[in-house]
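Biologist: Could you take me through the pockets of this model? I would like a close look at what lines them.

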Amino acid sequence: MTELAAAGALPKPKRDILPVLLPVILALAMAPLIGSGSSWVTLTVASLAMGMMIFIMASGLTLVFGLMDVLNFGHGAFIAVGAYVATLVLLPLAPYVQADSLLTNLAVLAPAALLSMAVSGALGLVVERVLILPVYGQHLKQILMTTGGLIVAEQALYALWGPQIIPLPLPTSLRGSFIIGDIAIAKYRLLAMLVGLVVFAGIQLVLNRTKIGLLIRAGVENREMVEALGYRIRRLFLGVFMVGSGLAGLGGVMWALYREQVHASMGNDLTVLVFIVVIIGGLGSIGGCFIGALLVAMVANYGGFLVPKLALVSNILLMVAILMWRPRGLYAVTSR
Amino acid sequence: MTDLLSLAGVHTHVGRYHILQGIDFGVAEGQTTMLLGRNGAGKTSTLRTIMGLWQASAGQISLDGQRIERSATPDIARLGVGYVPESMAVFSDLSVKENLVLAARDGPLDDARLDWIFGFFPALRRFWLSRAGALSGGQKQMLSIARAIVEPRKLLLIDEPTKGLAPAIVVALIECLAEIKRRGATILMVEQNFHAAQELGDTVLVMDNGKIVHRGEMALLALDVALQERLLGLSLETHQ
């Protein structure tokens with residue numbers, strides 16, 4: 001027994017902070033290249049806001065990947081559906097959206113976002129039961145089924161709302177910028193950053209402070225052992241899938257307001273971006289997903305400003321560079 | 001003595017491989033049954049089939065009189081089966097405490113039971129808040145066993161607990177398992193270390209090519225060198 005006790009101190013766990021520092025290093029490295037301080041601040045704030053929105057859309061997908069090894073190429077459908085559902089609230093209530101009062105604007109915006117999350121989450125329930133349940137463990141079929149689901153969802157949106165782009169104006173009080181010296185910071189971008197941080201903090205809180213969160217983290221690492229402890233991981237997965245779909249819906253609303261328009265192919269357009277973020281971050285890693293989203297947004301914004309011709313391939317180049325450095329992403333959680 | 005666990009004509013196929021080829025045995029309540037055999041004989045497959053991680057393709061498995069061969073793994077675990085896999089499978093990203101919190105399915109951790117466990121495995125108390133991934137191999141095995149006994153279980157399935165551990169740790173681990181056994185646990189244990197098997201086993205089953213080829217008292221097998229050589233290819237003296 002004594003040998004078991006006399007195991008000595010554990011080696012201090014190495015804190016892997018390099019990925020956390022990457023966005024900071026990238027932002028500081030870009031400052032001299034951009035030259036103008038106000039442009040740098042504007043681009044950095046735009047990157048943070050865009051990164052937070054992408055994170056909200058991608059966070060559910062990374063957990064779905066990590067927890068059940070499910071390749072959901074239809075994740076973009078939840079983004080688009082979320083955005084369209086928001087128009088059901090925001091367009092009929094346009095006078096409230098256009099009112100010059102932050103409280104009035106938020107009183108319309110909040111229920112629109114909640115409804116979008118609820119509908120996307122419910123759609124997630126249907127997709128998991130109908131499309132994904134029959135093809136667990138079969139990657140090729142998962143890709144076919146979920147890609148097919150995305151196409152069906154996109155065509156259904158065309159059928160219901162028509163092919164035209166639907167304008168979705170920002171609420172009046174979220175228009176414009178805060179001016180600090182010669183620096184302009186868009187109000188909506190600040191809101192997007194705030195919402196992104198709240199979502200990130202909420203997910204971290206659940207993952208680290210609740211038994212459900214422990215189960216999710218354990219399931220990402222070894223779902224078989226979680227089942228051997230007596231937990232029905234399929235139910236847990238269904239819950240994670242629904243929450244992830246709901247968050248994608250929230251991300252869709254925020255993205256639509258950011259672009260001030262909704263169209264049926266927006267989910268499809270964002271799918272590649274979201275997948276890049278999930279792969280860069282490491283499958284199943286929320287922290288990695290957060291940093292990956294920020295990096296993708298920074299590369300898009302700084303790259304678009306400095307070398308516009310590179311903008312189209314910048315995200316792919318970023319993914320290649322990260323995977324050459326860390327083949328399983330910034331923070332590898334699973335062995336996949 | 002009644003059998004807590006019984007298998008009758010159990011077959012298991014994994015893909016196109018016919019792993020278990022009609023095995024029958026019982027595990028008596030309060031006894032430790034050792035499952036021995038050469039590599040690839042089907043020992044781990046037997047535990048995985050009982051646990052529902054692989055579905056039996058034919059035959060019956062009963063736990064405390066209840067048929068479980070078609071049950072899902074979580075349901076089998078909830079009937080009171082603790083499982084310690086060969087790979088230990090501790091959740092390395094979680095702390096020692098979090099690993100045990102998850103294992104305590106029915107409620108909060110019981111302080112008295114934790115003290116009992118810490119009596120065996122003091123290192124777990126010391127590294128309570130440390131990441132399980134940072135533990136040594138022996139400590140991970142301690143955690144894996146602690147996870148299986150953190151709440152009372154009817155049956156413990158333990159797969160090669162001494163595998164890959166330093167000899168000094170193995171001796172200590174045998175003491176721990178012996179203490180768990182003295183508390184009345186029913187154990188079905190796969191073990192390659194014949195010394196450990198001899199120390200802990202009341203009865204023994206020997207497998208070969210997916211079948212049970214010998215069953216009897218552990219003490220008798222330990223005394224019969226010729227039988228050991230015939231069944232296992234090695235004698236106790238050479239297989240420590």
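Modeller: Happy to; here is a walk through the pockets and their linings. Please keep in mind that this is a predicted model.

Let us start with the largest pocket, which holds about 1400 Å³ of space. Its lining is made up of 36 residues, and those closest to the centre are Asn208(A), Arg217(A), Asp93(B), Leu94(B) and Arg131(B). Two or more lining residues come from each of helix 8 (187-209), helix 9 (211-228) and helix 12 (286-306) in chain A, and from helix 3 (96-103) in chain B. Helix 9 of chain A gives the most to this lining, namely six residues. Sorted by class, the lining of the largest pocket has 15 nonpolar, 12 charged and nine polar residues.

Now for the second largest pocket, where the space comes to about 400 Å³. Here 18 residues form the lining, and Met68(A), Arg223(A), Glu227(A), Ile233(A) and Arg234(A) lie nearest the centre. At least two residues of this lining are supplied by each of helix 9 and helix 10 (233-259) of chain A and helix 2 (73-78) of chain B. Helix 9 of chain A again gives the most, with three residues in the lining of the second largest pocket. As for the classes, this lining has six nonpolar, six polar and six charged residues.

If you want one element to follow on screen, try helix 9 of chain A: it gives the most to the lining of the largest pocket, and it also gives the most to the lining of the second largest pocket.

How values were computed:
Residues are numbered from 1 along each chain as its sequence is written. Chains are lettered from A and ligands numbered from 1 in the order in which they are written. This is a predicted model: local features need pLDDT of at least 70, side-chain atom pairs count only at pLDDT 80 or more; totals for chains, interfaces and linings use all residues. Side-chain values use heavy atoms; hydrogens and water are left out. On a 1 Å grid over the protein atoms alone, a cavity is a set of points where a 1.4 Å probe fits but cannot get out, and a pocket is an open set with protein on both sides within 12 Å along at least five of seven lines; lining residues have an atom within 4 Å of a point. Grid points are joined across faces, edges and corners, and a volume is the space filled by probe spheres set on the points. Helices (H or I, at least four residues) and strands (E, at least two) are DSSP runs, numbered from the N terminus. Ala, Val, Leu, Ile, Met, Phe, Trp, Tyr, Cys and Pro count as nonpolar, Asp, Glu, Lys and Arg as charged, and the others, Gly among them, as polar.
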